[in-house]
Amino acid sequence: MAYKKSNNIDVKKINKNIIYKYILENKKVSKNSISVSLNISMPTVWQNLKELLDNNLIEEVGEFESSGGRKAKAISIVENAKFAVGVDITKNHISMVLVNLVGSVVKNIRLKKSFSYSNEYFLWFEKSIKDFIFDVDINSILGVGISIPGIIDRTGISISSSHVLKIKEVPCYDFSRYIPFNCIFINDANAAGFAESKYIENNAVYLSLSNSVGGAIIFSKELYTGDNVRAGEFGHTAIVPNGEKCYCGKRGCLDCYCKASLLSDLSNGKLNVFFDKLNKGDKKITEVWDRYLYYLSIAVNNLRMSFDCDVVIGGYVGAYFADYLNDFKNKVAKLNTFEENANYVKVCRHHFEGAALGAALVHIDSFIKSV
Ligand SMILES: [Zn+2]
C-alpha cells in the first residue's frame with residue numbers, strides 16, 4: 001500500500017487548522033487551554049496564533065478571570081472576516097443570505113421574480129446579488145452558493161434537469177457568467193440538509209417536504225451525494241404500487257402523496273392557512289392531513305429501516321411540523337419492527353431560507369477546512 005509521509009509543512013498546516021477549528025468551536029479560549037486540550041506545545045501554539053492574528057482570522061477579546069497570577073488573554077475567531085452568499089432559486093422567488101464564518105445569517109432578502117431561462121432573468125439575477133452585497137467588502141466574499149430545485153450533474157457544471165424551473169441539460173455557467181465570484185451549484189434539498197447537518201451528531205437523513213419531495217443524506221456530518229449525485233431523491237421512491245401518476249412519469253412515487261402543494265392547494269396556495277384550518281378542526285382538512293401523515297409515516301419508517309439514523313422533517317411542511325410531531329412519532333413507532341418509540345424523528349431547525357443558507361455554508365465549510 002502506498003502512503004505519503006507527512007512532512008513539516010503538512011504538520012504545520014494541520015496544526016494551524018486544528019487550532020483554528022478549536023477556537024471556532026469553543027468560541028472563547030486561552031493559549032493555555034489550546035495547548036492542553038490539543039496537546040500541542042506552547043511555542044507551536046504561539047506561532048500558529050501569530051499567523052492567524054496576522055491574517056485577521058482571530059482576535060483578542062479581553063481577559064479571563066484569574067484566581068491568582070496573570071490573567072489569560074481570551075481569543076476568539078473574527079466571525080465577520082469572511083462571508084459567503086447563499087442564493088435559493090425557486091419558480092417564483094429568489095432568497096439570498098449573507099453568512100459569516102460561524103454560519104450566522106448576517107442579512108437576508110426574498111425577492112419575487114418568476115424564473116425564465118432568459119438573458120433578462122440572468123441580468124436581473126446578477127444585479128440582485130450585487131445590490132444585496134453593496135455594503136460588503138468584496139474581498140471578504142468567499143463565493144456564491146446557488147441552490148437549484150433540480151439535479152446538478154456530477155461535475156457541477158450543468159443542471160441535468162429541473163422539473164420546477166422547466167430546464168434540462170443547461171450549463172450552470174448561464175446562471176453564473178455575470179457574477180464576479182466563485183459560484184458553486186447545489187441541489188436545494190441537499191443544501192437545506194447540509195444546513196441542518198450543523199446540528200446533527202453524526203448521521204441523518206433529511207426529508208424535504210416542499211412542492212416536490214426531495215432529501216439529503218448526511219453521513220459523518222458530510223453530504224453523501226451518491227455515484228450520480230442523485231442520492232436522497234426520496235420523492236421518487238415508490239410508496240404505492242401502481243399508484244398515482246408522478247410528474248416523473250412513474251406511478252406511486254412518494255412525491256404524489258407528500259408534496260406540500262397537496263395541502264396548500266386546499267387553502268389558496270397558502271400553507272399557513274391550511275394549518276390554521278387544521279387547528280380549528282376543519283373536517284375536510286383534517287382528513288387530508290391524516291392521509292398525508294399516513295403516507296409520510298410509511299416513508300419515514302422506510303428511511304429509518306434503510307439508514308438507521310435520525311430522520312429530519314424539513315421543507316415547507318417541516319416549518320409547521322413541530323406541533324404535530326408527537327402524534328406523528330406514535331404513528332411511525334407502530335410501523336417499526338425493532339423500536340418502541342420514534343424519537344429519531346426530528347423537525348428541521350431552519351424553517352425558511354435553509355437551502356440558501358446551506359448553499360452558502362458549502363463555501364464557509366471549505367474555507368474553514370483550508371485555513
Ligand atoms: Zn416520481
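Trainee: Where is the place of N242?

Mentor: N242 sits in the loop between β13 and α7. Keep in mind that this is a predicted model.

Trainee: What makes N242 count as exposed?

Mentor: Its relative accessibility is 69%. Exposed means over 50%. The value 69% passes that cut-off, so N242 is exposed.

Trainee: What is notable about the phi of N242?

Mentor: Phi of N242 is positive, about 55°, although N242 is not a glycine. V229 also has a positive phi, near 55°, and is a residue other than glycine.

Trainee: Where is the place of V229?

Mentor: V229 lies in the loop between β13 (222–224) and α7 (254–258).

Trainee: Which residues line the largest cavity?

Mentor: V229 is one of them. The others are G150, I151, N187, N190, G215, R230, A231 and E233. By class, three are nonpolar, four polar and two charged.

Trainee: Why is that space called a cavity and the other one a pocket?

Mentor: In a cavity a 1.4 Å probe fits but cannot get out, whereas a pocket is an open set of points. The structure holds one cavity of 30 Å³ or more. About 30 Å³ of space lies in the largest cavity. The second largest pocket has a volume of about 950 Å³.

Trainee: Which residues are the closest to the centre of the second largest pocket?

Mentor: Those are L24, L101, V102, G103 and K198, out of 34 lining residues.

Trainee: Which elements supply at least two residues each of that lining?

Mentor: α1 (8–26), β2 (73–77), β5 (105–112) and α13 (354–370) do. The largest share, six residues, comes from α13.

Trainee: How do the lining residues of the second largest pocket divide by class?

Mentor: There are 15 nonpolar, eight polar and eleven charged residues. Mind the classes: Gly counts as polar.

Trainee: Now the metal. Which atoms are the protein donors of the zinc ion?

Mentor: They are ND1 of H236 and the SG atoms of C246, C248 and C253. These donors lie 2.1 to 2.4 Å from the zinc ion.

Trainee: What makes them donors?

Mentor: The cut-off is 2.8 Å from the metal for N, O and S atoms. The distances of 2.1 to 2.4 Å fall within that cut-off, so the four atoms count as donors.

Trainee: Why is the site of the zinc ion called tetrahedral?

Mentor: The angles among its four donor atoms are 103 to 118°. Four donors count as tetrahedral if all angles lie between 85 and 135 degrees. The range of 103 to 118° fits inside those limits, so the site is tetrahedral. For reference, the ideal angle for four tetrahedral donors is 109.5 degrees.

Trainee: How are the donor residues of the zinc ion spaced in sequence?

Mentor: The pattern is H-x9-C-x1-C-x4-C.

Trainee: Are C246 and C253 buried or exposed?

Mentor: Buried means under 20% relative accessible area. C246 has 5%, so C246 is buried. C253 has 2%, so C253 is buried as well.

Trainee: How do you know that S208 is buried?

Mentor: S208 has a relative accessible area of 9%. That is under 20%, so S208 is buried. S208 is found in strand β11 (residues 204–209). Beyond four places in sequence, S208 touches A189, V213, G214, G215, G314 and G315. G215 also belongs to the lining of the largest cavity.

Trainee: What makes R304 count as buried?

Mentor: Its relative accessible area is 12%. The cut-off is under 20%, so R304 is buried. R304 is found in helix α10 (residues 283–307). Leaving aside residues up to four places away, R304 touches C309, D310, V311, N336, E339 and Y344.

Trainee: Why is S176 called buried?

Mentor: S176 has 14% relative accessible area. That is under 20%, so S176 is buried. S176 is found in helix α5 (residues 173–176). Outside its neighbours within four places in sequence, S176 is in contact with C183 and F185.

Trainee: Why is W46 called partly exposed?

Mentor: W46 has 47% relative accessibility. Buried is under 20% and exposed is over 50%. The value 47% lies in between, so W46 is partly exposed. W46 lies in helix α3 (residues 42–54).

How values were computed:
Residues numbered from 1 in each chain as written. Predicted model: local features only at pLDDT ≥ 70, side-chain atom pairs only at ≥ 80, totals over all residues. Heavy atoms only, no water. 1 Å grid on protein atoms, 1.4 Å probe; cavity = no way out; pocket = protein on both sides within 12 Å on 5 of 7 lines; lining within 4 Å. Points joined across faces, edges and corners; volume = space filled by probe spheres on them. Helix = DSSP H or I, 4+ residues; strand = E, 2+ residues; numbered from the N terminus. Donors = N, O, S within 2.8 Å, 3.2 Å for Na, K, Ca; no water. Tetrahedral: all angles 85-135°; square planar, octahedral: opposite > 155°, others 65-115°. Buried < 20%, exposed > 50% of the residue type's maximum accessible area, 1.4 Å probe, protein only. Contact = heavy atoms within 4.5 Å.
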